[in-house]
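Hello,

Here is the structure I said I would pass on. Please look through it first; my notes follow below.

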Amino acid sequence: MFKAKNIAAVALLAAVYTAIKILRLTGIFGSYHEITIAQICINMLLACSLNLITGFAGQFSLGHAGFMSIGAYACALIIIRFPSVYGFMLGLIAGSLASAVVGLAIGIPTLRLSGDYLAIATLGMAEIIKVVFFNLKITNGAAGLMNIPRLMNWEWMFCLTAGSVALINNFINSRHGRACMSIREDEIASQSVGIDIALYKIAAFAIGAFFAGISGGMYAAYFYVLKPGIFGLLKSIDILVIVVLGGLGSISGSIIGAALLTLISALLQDFASLRMIIYALMLIAIMMFRPQGLLGTNEISFALFTRALKRESAK
Amino acid sequence: MLELKSLNVHYGVIHVLKDVSLTVGRGQIVTLIGANGAGKTTALRTISGIKAPSSGSIILDGQDITKIPAPKRVVLGLSQVPEGRRIFASMSVYENLELGAYLRKDTKAVKSDIQDVFARFPILGKRQKQPAGTLSGGEQQMLAIGRALMLKPKILLLDEPSMGLAPILVNEIFDIIKNINEQGTTVLLVEQNASKALAIADIGYVLETGTIVLSGTGAELAASDDVKKAYLGG
Ligand SMILES: Nc1ncnc2c1ncn2[C@@H]1O[C@H](COP(=O)(O)OP(=O)(O)OP(=O)(O)O)[C@@H](O)[C@H]1O
Ligand SMILES: [Mg+2]
């Protein structure tokens, strides 16, 4: 059962990869399309990692762009000095670890907070990080970093994103993932069965931050320009919108949500003034008709398809 | 087997438990009764380690556990059914029971213990795939008890299991508690339903605004004038 699921997932990934590759080689996809694919990858990883914190462990966070920025700047500073694949790997590891440490640093003092208060605390944290990058000499302040070596291509990003999302998914389906979900459901009940709720809340923040750091590193090495302003509240909200739209507590939801919203905003690029309005109206409509998000807490699986088929044939 | 020695507990400046001492012997059902706000839930939260006492000690099987963190106390055999049927609402009945065994590593035995819970509560077996939040109040209470039993506790701490249940269900729940106890689990039962609790208890304690004012066997307390007046409506 599990094996069949894994094989199906790998087959699907290989099919998508090959399809993109063919489209790219035949020139049907130009560099503009490639940029969209890169954005989708980054947003997917951001959404899945935020979903771990907010959707699965139930800790509302408005600071995800802050974690991303740490990974981005750390990776950029390293690859500027070591512009090679090894430098990039080093930057990715250093950036994601630095981000995880900040995740710990925010997770511990905010343990007692929940809901709105936690959202404000995480927002504050992200703003502090932004201000630090604005004022540091090494990050070149408001002007930001330019000419970062462009070490990423879409193939790399595709693989990194797939691997990272698979790791997040494994964590969620493990005993530890269950423990995180139980905290979202009921903290008192979780404690009564012996779950260390403090440990898992902090772990969720650290792991979520780690993967946000990876997506930051990918961003830096693909888009080769970093400014502190990119990682503001708006970016955090963008990620949150993807997560809520796809379904809090559904990894497949975050994947589909990221692809969908990134595509839509790319398609609307030419209608700049209309873009925000259409985007907002669409979000309102989805939230009215599917308040639990596109997938709710469901995952896409064979079982879901067979159930749907049965329902159809019963009609 | 469980002993509280002059426990004092504060919430900020509010002194909620004052010099509370009580003993639960192996194999007994001990009940702690008292009105709203007497401090019953606080006593259980302190025993299970969620709330730290300001002074006094908690002894389990001769070991001082006052400083041991909550998750470790569960490993030692203290299992709590929290007040107000705290279940994992959007997870299935089966998943709730699996989470009850979160600390256990013996996966096979867990599966058969889940079947044992279904044997004890057949209705839970019938509803095993259903989200726990869709169960009726009584079924949720059964699930909360079943989940606590998944840990095979030495001592089961129950916080007002009869709260908000219809009279027939109340009787059923008390029968279940008695039955669990007869099969070898020591029980500390917190209740407002004094008559029912005293009827099945070996020993009872009466808590009044944080102080134990009376104690005795279940029968003695049920016959006591003070208890009758205050808690049994006579
Ligand atoms: N977290 C808290 N912060 C401050 N005060 C609290 C807290 N929890 C309980 N109290 C206070 O402690 C006292 C005892 O509360 P507790 O919940 O232990 O009572 P109880 O006997 O369980 O009541 P009930 O039968 O209504 O459940 C109450 O006065 C309550 O207001
Ligand atoms: Mg209470």
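**Notes on the sheet, the contact and one helix**

In strand E5 of chain B, Asp64(B) is the bridge partner of Ile59(B). This is a predicted model. Strand E4 (residues 55-60) of chain B and E5(B) run antiparallel and are joined by two bridges. They belong to an open sheet of four strands in chain B, ordered E2-E1-E4-E5, with antiparallel pairing. Its edge strands, E2 (14-24) and E5 (63-64) of chain B, each pair on one side only. Helix H1 (residues 40-48) of chain B packs on this sheet and touches strand E1 (2-11), E2 and E4 of chain B. The direction of H1(B) makes about 70° with that of E2(B).

The contact between the chains takes 14 residues from chain A and 20 residues from chain B. On the chain B side, helices H2 (70-75), H3 (93-100) and H6 (137-149) each supply at least two residues. H2(B) gives the most to that side, with four residues. By type, the chain B side divides into 15 nonpolar, three polar and two charged residues.

In chain A, I looked at helix H5 (residues 115-135). Its buried residues are Leu118(A), Thr122(A), Met125(A), Ala126(A), Ile129(A), Lys130(A) and Phe133(A). These cover an arc of only 135° around the axis, so they lie on the same side of H5(A). They pack against helices H3 (64-81), H4 (85-107) and H10 (233-246) of chain A. The face turned away from the buried side of H5(A) carries the exposed residues Asp116(A), Tyr117(A), Val131(A) and Asn135(A).

Regards

Key:
Residues numbered from 1 in each chain as written. Chains lettered and ligands numbered in written order. Predicted model: local features only at pLDDT ≥ 70, side-chain atom pairs only at ≥ 80, totals over all residues. Buried ≥ 20, exposed ≤ 12 C-beta atoms within 10 Å, placed from the backbone. Arc of directions from axis to C-beta. Contact = placed C-beta atoms within 7 Å. Nonpolar A, V, L, I, M, F, W, Y, C, P; charged D, E, K, R; others polar. Pairing = 2+ DSSP bridges. Axes fitted to C-alpha atoms, helices over the stretch in contact; angles between N-to-C directions.
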